[in-house]
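Biologist: Please take a close look at one part of this model for me. Start from a single residue and work outwards. Keep the terms clear for a beginner.

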Amino acid sequence: VVAIINQVTLLSVVLTGAAVIREREHGTLEHLLVMPLSAFEIAMAKVWANGLVILIATGFSLFLIVKTMLQVPFAGSVPLWFCGVVLYLFFTAALGIFLGTISRSMAQFALLIVLVIVLMFLLSGGTTPIESQPKWLQYITFFLPSRHFVSFSQVIIYRGGGIRAVWPHFLMVSAIGLGFFVYSLVLFRKSIAVTK
């Protein structure tokens with residue numbers, strides 16, 4: 001299950017960011033600019049298109065691999081967990097747009113991915129427990145949506161927790177994701193203005 005959590009993070013950031021860079025490198029971003037579309041609509045199309053593909057792949061992995069083949073029990077509510085995954089995908093897609101906007105090439109984007117993803121994996125609590133990290137670092141990880149994603153996933157999947165147990169994590173992921181999406185959208189809009 002931890003592998004699914006890590007893959008959701010990796011794929012959503014990589015696919016969204018690579019889509020932005022690919023359109024800029026191939027000149028298709030100019031085609032979008034002549035259409036009656038705002039920067040918000042272009043960014044949301046990338047968020048939902050990539051998010052939907054990853055959500056379907058996550059559901060396929062969960063039901064076919066984890067529950068059917070490996071027979072790993074899922075203690076909590078599957079729809080509740082998928083609601084949390086949707087919220088988290090919103091953040092990771094916004095992160096992908098941000099990295100794709102500030103990167104000038106696919107190679108630069110790949111280097112940024114390594115740096116960001118490794119930090120998110122190490123500080124999320126999925127591989128290294130939050131409690132074993134230094135106190136000052138634990139306070140920093142509180143502002144990482146990946147930490148809340150791992151936390152509510154563990155509560156739902158392993159302990160069968162309901163909405164009352166995970167709503168603070170959902171709220172933090174939503175707030176940070178929305179703030180980061182707005183910031184990414186501002187940068188994306190500036191990059192479009194420069195392209196024009």
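**Val78 and its surroundings**

Modeller: Val78 sits in helix H4. A helix here is a DSSP run of H or I with at least four residues, a strand is a run of E with at least two, and numbering starts at the N terminus. The model is predicted, so local features need pLDDT of at least 70 and side-chain atom pairs count only at pLDDT 80 or more, while totals for chains, interfaces and linings use all residues. Residues are numbered from 1 along each chain as its sequence is written, and side-chain values use heavy atoms, with hydrogens and water left out.

Val78 has a relative accessible area of 13%, so it counts as buried. The cut-offs are these: buried is under 20% relative accessible area, exposed is over 50%, and partly exposed lies in between, with a 1.4 Å probe and protein chains only. Which residues does Val78 contact, leaving aside neighbours within four places in sequence? They are Leu62, Phe63 and Lys67. Contact means heavy atoms within 4.5 Å. Val78 and Ile156 are 78 residues apart along the chain, with 8.2 Å between their C-alpha atoms.

Ile156 leads us to the core. The largest nonpolar core has 36 residues. Such a core is a set of buried Ala, Val, Leu, Ile, Met, Phe, Trp, Tyr and Cys residues joined through side-chain atoms within 4.5 Å. Ile156 is among the residues with the most contacts inside this core, together with Trp81, Leu95, Leu99, Phe149 and Phe152. Six elements give it two or more residues: helices H1 (2–26), H3 (39–69), H4 (78–102), H5 (106–123), H7 (145–159) and H8 (163–195). H4 provides the largest share, 11 residues. Another core lies apart from this one. That second core has 13 residues, including Val20, Ala39, Ala93 and Ala94.

Now look at Phe149. Not counting residues up to four places away in sequence, Phe149 touches Ile5, Val8, Trp81, Val85, Tyr88 and Val173. Phe149 also belongs to an aromatic cluster, with Tyr88, Phe91, Phe98, Phe152, Phe170, Phe180 and Tyr183.

Next come the rings. There are 12 aromatic pairs in the structure. Rings of Phe, Tyr and Trp (its six-membered ring) pair if their centres lie within 6.5 Å; planes under 30 degrees apart are stacked, over 60 edge-to-face, and the rest tilted. A pair of rings is described by the distance of the centres and the angle of the planes. Take Tyr88 and Phe91: their centres are 6.1 Å apart, their planes make 40 degrees, and the pair is tilted. These two are three residues apart in helix H4, so about one helical turn separates them. Tyr88 is buried, at 0% relative accessibility. Phe91 is buried too, with a relative accessible area of 6%.

Tyr88 and Phe149 also help to line an enclosed space. A search of the whole structure finds one cavity of 30 Å³ or more. On a 1 Å grid over the protein atoms alone, a cavity is a set of points where a 1.4 Å probe fits but cannot get out; a pocket is an open set with protein on both sides within 12 Å along at least five of seven lines; lining residues have an atom within 4 Å of a point. Points are joined across faces, edges and corners, and a volume is the space filled by probe spheres set on them. The largest cavity holds about 30 Å³. Its lining is Ile5, Asn6, Thr9, Tyr88, Met120, Phe121, Ser124, Ser146, Phe149 and Val150. H1, H5 and H7 each give this lining at least two residues. By class, the cavity lining has six nonpolar, four polar and no charged residues. Nonpolar covers Ala, Val, Leu, Ile, Met, Phe, Trp, Tyr, Cys and Pro; charged covers Asp, Glu, Lys and Arg; the others, Gly among them, are polar.

Finally, the largest pocket. About 160 Å³ of space lies in it. Ser124, Gly125, Gly126, Pro129, Ile130, Glu131, Arg147, Val150, Ser151 and Gln154 line this pocket. Three of the lining residues are nonpolar, five polar and two charged. Arg147 belongs to helix H7. Setting aside residues up to four places away in sequence, Arg147 touches Leu123, Ser124, Ile130, Gln138, Thr141 and Phe142.
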